[in-house]
Each structure stands twice: as C-alpha cells, then as structure tokens.
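Subject: A structure for you to look at

Hello,

I am passing a structure on to you, and my notes on it follow below. Please have it open while you read.

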Amino acid sequence: MPLWITTVAIQASKVYSFKVDRKNSFGRPCSQGKRRSRGTLSSAVYCKACAQAITTIDQQLTVNTSFRHTFFNPTGIVFQLGCYKKAHGCEAVGVPSSEFSWFNGYLWTFALCSGCQSHLGWFFDSGSSSFWGLILNKLKE
Ligand SMILES: [Zn+2]
C-alpha cells in the first residue's frame with residue numbers, strides 16, 4: 001500500500017470511515033472547514049439553479065467534527081458537502097444504499113431539489129440519526 005494511502009487512512013480513521021479498495025480508492029477526505037459564522041441563524045439557503053429555499057443556516061450540523069466535508073466519489077469527482085439537520089426543500093430519492101458511503105454506518109439516498117429536481121447532494125440515515133449532505137457550490141445564501 002502506498003504511503004499516502006496509509007497516512008490518509010490513519011488520519012481518516014479518527015474522523016471518517018471509508019473503505020480502501022485496490023480497484024477504487026475513494027472517500028479520501030482532503031480538508032475540513034469550519035462552520036460558517038456569517039449570516040443570521042435563520043437565513044435561508046437556496047438552490048442555485050431555481051432559487052427554491054432548501055434549508056436555513058441554523059440547520060448546519062457538525063458531523064465528524066466538521067460542518068464542511070470534501071470527498072471524492074468513485075469516479076474521482078470532488079464534492080464539498082455541508083451537513084444540515086433538515087432540508088425542507090429537498091427530496092430524498094432512491095433506494096438507501098451503503099455503497100461508497102462517506103459516513104460510517106449511514107445509508108444514503110440522492111437529495112434532489114423539490115423545485116427543479118437538481119441533484120443537490122445526499123440524505124444520510126443511520127436509522128437512529130440522519131442528516132443532509134448538500135453540495136455547497138449548488139447552494140447560495
Ligand atoms: Zn432547484
């Protein structure tokens with residue numbers, strides 16, 4: 001195993017859980033942001049495509065020590081997600097899956113904008129807790 005994978009795995013084991021597969025290296029966390037402090041607690045967060053209200057800033061949630069997470073999907077596309085407790089403007093669509101889940105113990109379904117059906121991220125559900133991981137560059141405050 002190359003050294004960088006080992007290093008990332010050691011760092012990630014504290015915060016993230018992911019599988020390292022010889023065919024697909026994925027789920028590599030590369031940075032963690034801090035919860036935003038600007039805006040008021042009730043400020044709305046909108047879909048960038050159709051301006052539908054999706055959630056509010058006071059729904060921001062710290063998951064694994066951070067609101068913001070950066071992940072690669074299996075095809076190498078980078079996503080920067082923000083975690084929200086509730087997202088009334090989103091619909092969870094599809095059959096819950098554990099495949100390539102970025103959060104240990106959580107199943108995911110796609111999160112679509114209920115206004116325009118844009119893919120805004122994923123809904124993560126462990127059975128006892130759940131949250132929305134939304135792609136930050138598809139949202140605007
Ligand atoms: Zn939309």
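Let me start with the metal site. Along the chain, the donors of the zinc ion follow the spacing C-x2-C-x62-C-x2-C. Please keep in mind throughout that this is a predicted model. The protein donors are the SG atoms of Cys-47, Cys-50, Cys-113 and Cys-116, which lie 2.3 to 2.4 Å from the zinc ion. The angles among the 4 donor atoms run from 103 to 112°, and the site is tetrahedral. As general background, the ideal angle for four tetrahedral donors is 109.5 degrees.

Which parts of the chain does the pair Cys-50 and Cys-116 link? They are distant ones: Cys-50 sits in the loop between strand E1 (44–47) and strand E2 (53–56), while Cys-116 sits in the loop between strand E6 (107–113) and strand E7 (119–125), 66 residues apart. Cys-50 counts as partly exposed because its relative accessibility is 33%. Cys-116, at 31%, is also partly exposed.

Now for the chain as a whole. It has 1 helix and 9 strands, and from the N terminus the order of the elements is α-β-β-β-β-β-β-β-β-β. Of its 141 residues, 39% count as buried. The accessible surface comes to about 7900 Å², and carbon and sulfur atoms account for 53% of that. If you take the contacts between residues at least 6 apart in sequence, 49% of them join residues at least 24 apart.

A word on confidence before you look at the details. The mean pLDDT of the chain is 78, with 70% of the residues reaching 70 or more. Among the elements, E2 has the highest mean pLDDT (98) and helix H1 (residues 3–15) the lowest (35). Over residues 1–41 pLDDT stays under 50, and the model has 66 contacts beyond four places in sequence for this stretch.

Next, the interior. In soluble globular proteins, nonpolar side chains tend to be buried together. The largest nonpolar core here has 16 residues, of which Ile-54, Tyr-84, Cys-90, Leu-120, Trp-132, Leu-134 and Leu-139 touch the most other members. E1, E6, E7 and strand E8 (130–135) each supply at least two residues of this core. Apart from it lies another core, of 13 residues, including Trp-102, Tyr-106, Trp-122 and Phe-131.

Leu-120 is a good residue to click on. Leaving aside neighbours within four places in sequence, Leu-120 is in contact with Cys-47, Ile-54, Cys-90, Ala-111, Leu-112, Cys-113, Gly-133, Leu-134, Ile-135, Lys-138 and Leu-139. Among these contacts are Cys-47 and Cys-113, which are also donors of the zinc ion.

Strand E6 offers two residues to look at, Thr-109 and Phe-110. Are they buried or exposed? Thr-109 counts as buried because its relative accessibility is 6%, under the 20% cut-off. Phe-110, at 37%, counts as partly exposed. Beyond four places in sequence, Thr-109 is in contact with Ala-92, Val-93, Gly-94, Val-95, Pro-96, Gly-121, Trp-122 and Phe-123. With the same neighbours left aside, the contacts of Phe-110 are Glu-91, Ala-92, Val-93, His-119, Gly-121 and Trp-122. Phe-110 and Cys-90 are 20 residues apart in sequence, and their C-alpha atoms are 9.5 Å apart in space.

Pro-96 is found in strand E5 (residues 90–97). Beyond four places in sequence, Pro-96 is in contact with Leu-107, Trp-108 and Thr-109. Between Pro-96 and Asp-125 there are 8.3 Å in space, C-alpha to C-alpha, and they are 29 residues apart in sequence.

Finally, two backbone details. Most residues other than glycine have a negative phi. Asn-64, which is not a glycine, has a positive phi of about 50°. Asn-64 lies in the loop between E2 and strand E3 (68–72) and is partly exposed, with a relative accessible area of 29%. Gln-117 also has a positive phi, near 70°. Gln-117 belongs to the loop between E6 and E7, where Cys-116 is located too. At 43% relative accessibility, Gln-117 counts as partly exposed.

Enjoy looking around, and best wishes.

How values were computed:
Residues are numbered from 1 along each chain as its sequence is written. This is a predicted model: local features need pLDDT of at least 70, side-chain atom pairs count only at pLDDT 80 or more; totals for chains, interfaces and linings use all residues. Side-chain values use heavy atoms; hydrogens and water are left out. Donors are N, O and S atoms within 2.8 Å of the metal (3.2 Å for Na, K and Ca); water is not among the atoms, so sites may look incomplete. Four donors count as tetrahedral if all angles lie between 85 and 135 degrees; four count as square planar and six as octahedral if opposite donors are over 155 degrees apart and all others between 65 and 115; anything else is irregular. Helices (H or I, at least four residues) and strands (E, at least two) are DSSP runs, numbered from the N terminus. Buried means under 20% relative accessible area, exposed over 50%, partly exposed in between (1.4 Å probe, protein chains only). A nonpolar core is a set of buried Ala, Val, Leu, Ile, Met, Phe, Trp, Tyr and Cys residues joined through side-chain atoms within 4.5 Å. Contact means heavy atoms within 4.5 Å. pLDDT is the predictor's confidence in each residue, from 0 to 100. Accessible areas come from the Shrake-Rupley method with a 1.4 Å probe; for residues, only the protein chains shown count as cover.
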